[in-house]
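This briefing introduces a protein structure to a reader who has not met it before. Please look over the sequence and the structure first, and then turn to the points below.

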Amino acid sequence: MPNYYYEDREDERYGPPYISNIPWVDRRYGIKKVVIEDGVTNIGDYAFYDCTNLASVTIPNSVTSLGSAFYGCSRLTSITIPESVKSIGTTAFYGCSSLTSITIPESVTSIGSSAFNSCSGLTSITIPNSVTSIGSSAFSGCSGLTSITIPESVTSIGAYAFYKCSGLTSVTIPNSVSSIENGTFYECM
């Protein structure tokens, strides 16, 4: 499965080309804690890209959407997503391998492609009844997940959504799901 976010790199030191526009990119390895002030409504793509020492994040109730904000934050162990968030974007927590559990609030209606991809430490996830779609590769590589219950609100599950979730022993899929794309549970043994 190709990882198109790495294919577009111009310089291995900075990741995606536009990451160099982020003021703290050269200091990202020293960032350990982030407190986002109230009033911020969107945490944009790659805002904290590859902040490999980031362990603590506080997100205010003013935030309504998360882009690829925490891509590669491998020391992030837990995060509280406020009730104000409506969507978890593509690759929002991609590669957060130390993330062990997450509760998605009832306000979230969609989980983007690769949102939790490669979160191998994730053992528990609660998907609320407000979610209607789970994007492709959303939980791909979450080898620590042992069970998953898809709520009645979900109508579609994207391709490779649970690819290589090798720890899965129990999956509950409701009748509301009308579309399960290719490879959704491929290599789940």
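The points that follow cover confidence, the sheet, the aromatic pairs and the salt bridge.

The structure is a predicted model. The mean pLDDT of the chain is 87, and an open sheet of seven strands is present. Twelve aromatic pairs are found in a search of the whole structure, together with one salt bridge.

**Confidence**

- A pLDDT of 70 or more is reached by 89% of the residues of the chain.
- Among the elements of the chain, strand 11 (residues 156-157) has the highest mean pLDDT, at 96, and helix 1 (residues 4-7) has the lowest, at 34.
- Over residues 1-14 the pLDDT stays under 50, and the model has 25 contacts beyond four places in sequence for this stretch.

**The sheet**

- The seven strands of the open sheet follow the order 2-4-5-7-9-11-13, and their pairing is parallel.
- Strand 2 (42-43) and strand 13 (179-180) each have a single partner strand and stand at the edges, so one side of each is left without a neighbour in the sheet.
- Strand 4 (residues 65-66) and strand 5 (residues 87-88) run parallel and are joined by two bridges.
- Ser65 has Ser87 of strand 5 standing opposite.

**Aromatic pairs**

- One of the twelve aromatic pairs is formed by Phe48 and Phe70, which are stacked at 5.6 Å centre to centre with 10 degrees between the planes.
- Phe48 lies in the loop between strand 2 and strand 3 (56-58), and Phe70 in the loop between strand 4 and strand 5, so this pair ties together parts that are 22 residues apart in sequence.
- Phe48 and Phe70 are both buried.
- Phe139 and Phe162 form a stacked pair, with 5.4 Å centre to centre and 5 degrees between the planes.
- Because Phe139 lies in the loop between strand 9 (133-134) and strand 10 (147-149) and Phe162 in the loop between strand 11 and strand 12 (170-172), the pair ties together parts that are 23 residues apart in sequence.
- Phe139 and Phe162 are each buried.
- One aromatic cluster is formed by Phe48, Phe70, Phe93, Phe116, Phe139, Phe162 and Phe185.

**The salt bridge**

- Arg28 and Asp50 form a salt bridge in which the closest N and O atoms are 3.8 Å apart.
- This pair links distant parts of the chain, 22 residues apart: Arg28 is in the loop between helix 1 and strand 1 (33-35), and Asp50 in the loop between strand 2 and strand 3.
- Arg28 has a relative accessible area of 3% and is therefore buried.

Methods:
Residues are numbered from 1 along each chain as its sequence is written. This is a predicted model: local features need pLDDT of at least 70, side-chain atom pairs count only at pLDDT 80 or more; totals for chains, interfaces and linings use all residues. Side-chain values use heavy atoms; hydrogens and water are left out. Two strands pair if DSSP finds at least two bridges between them. Helices (H or I, at least four residues) and strands (E, at least two) are DSSP runs, numbered from the N terminus. pLDDT is the predictor's confidence in each residue, from 0 to 100. Contact means heavy atoms within 4.5 Å. Rings of Phe, Tyr and Trp (its six-membered ring) pair if their centres lie within 6.5 Å; planes under 30 degrees apart count as stacked, over 60 as edge-to-face and the rest as tilted. Buried means under 20% relative accessible area, exposed over 50%, partly exposed in between (1.4 Å probe, protein chains only). A salt bridge is a side-chain nitrogen of Lys or Arg within 4 Å of a carboxyl oxygen of Asp or Glu.
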